[in-house]
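Here's a walk through how the helices in this model pack against each other, with a few residues picked out along the way. Have the structure open while you read.

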Amino acid sequence: MKYKNACCVGVGLLVWMSTALGSGINGDECENIRDSLGVFECSKDKKDYADNRLHENYSLLVARIKSQFERDQPLGEKYLLEVKESQLAWMDLRNKNCALEAFEIEHGSQVYEVVVNNCAARMSEERSDYLSGISPRLQ
């Protein structure tokens, strides 16, 4: 059964506090949060920041692979296809994991969105770090 009472707000705030303070986000929405709207806006900022970083590291990985396989383009294209398929599978996993983390919270509520946003931000940061370590440039 989905919780629809004030305990959800408390649970959501605890979840947010466990992840938000260590996120490295310095946006205005995450400074001096005074209410649940501030928590919600901060969670959106964290997710957007993490998604942008993830996209940047994915693009850098693609560029590294293209550069490293310049002399063997068919193999490079095969590698890029594997990377793309892996990323798509990971995105599906992230979305399902985050929905699972928020399952007991009323779907569509602000607390639900905070939990999903924080989960997506956390997982995207982890994936971004992972992608940055694949096919490193050789000096």
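A helix here is a DSSP run of H or I at least four residues long, numbered from the N terminus. By that rule, the place of alanine 50 is in helix α2. Keep in mind that this is a predicted model.

**The overall layout**

The protein chain has four helices and zero strands, so its pattern along the sequence reads α-α-α-α. Of its 139 residues, 34% are buried. As for contacts between residues at least 6 apart in sequence, 71% of them join residues at least 24 apart.

**How the helices pack**

Two packed helices are described by the angle between their axes and the distance between the axes. Here are three pairs set out that way.

| Helix pair | Axes come within | Crossing angle |
|---|---|---|
| α2 and α3 | 9 Å | roughly 165° |
| α3 and α4 | 9 Å | roughly 150° |
| α2 and α4 | 8 Å | roughly 25° |

Let's take α2 and α3 to begin with. Their axes cross at roughly 165°, which makes α2 roughly antiparallel to α3. The crossing is right-handed. On the α2 side, the residues in contact are Asp51, Leu54, Tyr58, Leu61, Val62, Ile65 and Lys66. They meet Gly76, Tyr79, Leu80, Val83, Lys84, Gln87, Trp90 and Arg94 of α3. Sorted by class, this contact of α2 with α3 has nine nonpolar, two polar and four charged residues.

Next come α3 and α4, the latter spanning residues 110-132. With a crossing angle of roughly 150°, α3 is roughly antiparallel to α4. This crossing is right-handed too. α3 contributes Ser86, Gln87, Trp90, Arg94, Asn97, Cys98, Ala99 and Glu101 to the contact. From α4 the contact takes in ten residues' worth of partners, among them Tyr112, Val115, Val116, Cys119 and Arg122. The class split for α3 with α4 is ten nonpolar, four polar and four charged.

That leaves α2 and α4. How do these two helices run relative to each other, roughly parallel or roughly antiparallel? The angle is roughly 25°, and angles under 35 degrees count as roughly parallel, so α2 and α4 are roughly parallel to each other. α2 passes α4 in a left-handed crossing. The contact of α2 with α4 comprises twelve nonpolar, nine polar and ten charged residues.

**Two buried residues on α2**

Back to alanine 50. Its relative accessibility is 0%, so alanine 50 counts as buried. Which residues does alanine 50 touch, leaving aside those up to four places away in sequence? They are Ala121, Ser124 and Glu125. With glutamate 125 there is also a backbone distance to quote: the two C-alpha atoms are separated by 5.5 Å, although the residues sit 75 apart along the chain.

Serine 43 lies in helix α2 as well. Serine 43 has 0% relative accessibility and so counts as buried. Not counting residues up to four places away in sequence, serine 43 touches Glu113, Val114, Asn117 and Asn118.

**Glutamate 101 on α3**

Glutamate 101 lies in helix α3. Is this residue buried or partly exposed? Its relative accessible area is 41%, so glutamate 101 is partly exposed. Beyond residues up to four places away in sequence, glutamate 101 touches Val115, Cys119 and Arg122. Glutamate 101 and tyrosine 112 are eleven residues apart in sequence, with 9.2 Å between their C-alpha atoms.

**The aromatic pair**

The structure holds one aromatic pair. Its members are phenylalanine 69 and tyrosine 79, arranged edge-to-face with 5.4 Å centre to centre and 85° between the planes. Phenylalanine 69 lies in the loop between α2 (36-68) and α3 (73-101), while tyrosine 79 is in helix α3, so the pair ties together parts that are ten residues apart in sequence. Tyrosine 79 is partly exposed, at 26% relative accessible area. Tyr79 also appears among the α3 residues that meet α2.

Key. Residues are numbered from 1 along each chain as its sequence is written. This is a predicted model: local features need pLDDT of at least 70, side-chain atom pairs count only at pLDDT 80 or more; totals for chains, interfaces and linings use all residues. Side-chain values use heavy atoms; hydrogens and water are left out. Rings of Phe, Tyr and Trp (its six-membered ring) pair if their centres lie within 6.5 Å; planes under 30 degrees apart count as stacked, over 60 as edge-to-face and the rest as tilted. Buried means under 20% relative accessible area, exposed over 50%, partly exposed in between (1.4 Å probe, protein chains only). Axes are lines fitted to C-alpha atoms, for helices over the stretch in contact, and angles run from 0 to 180 degrees between N-to-C directions. Angles under 35 degrees count as roughly parallel, over 145 as roughly antiparallel, 65 to 115 as roughly perpendicular and the rest as oblique. A crossing is left-handed if the near helix is turned anticlockwise from the far one by less than a right angle, and right-handed if clockwise. Contact means heavy atoms within 4.5 Å. Ala, Val, Leu, Ile, Met, Phe, Trp, Tyr, Cys and Pro count as nonpolar, Asp, Glu, Lys and Arg as charged, and the others, Gly among them, as polar.
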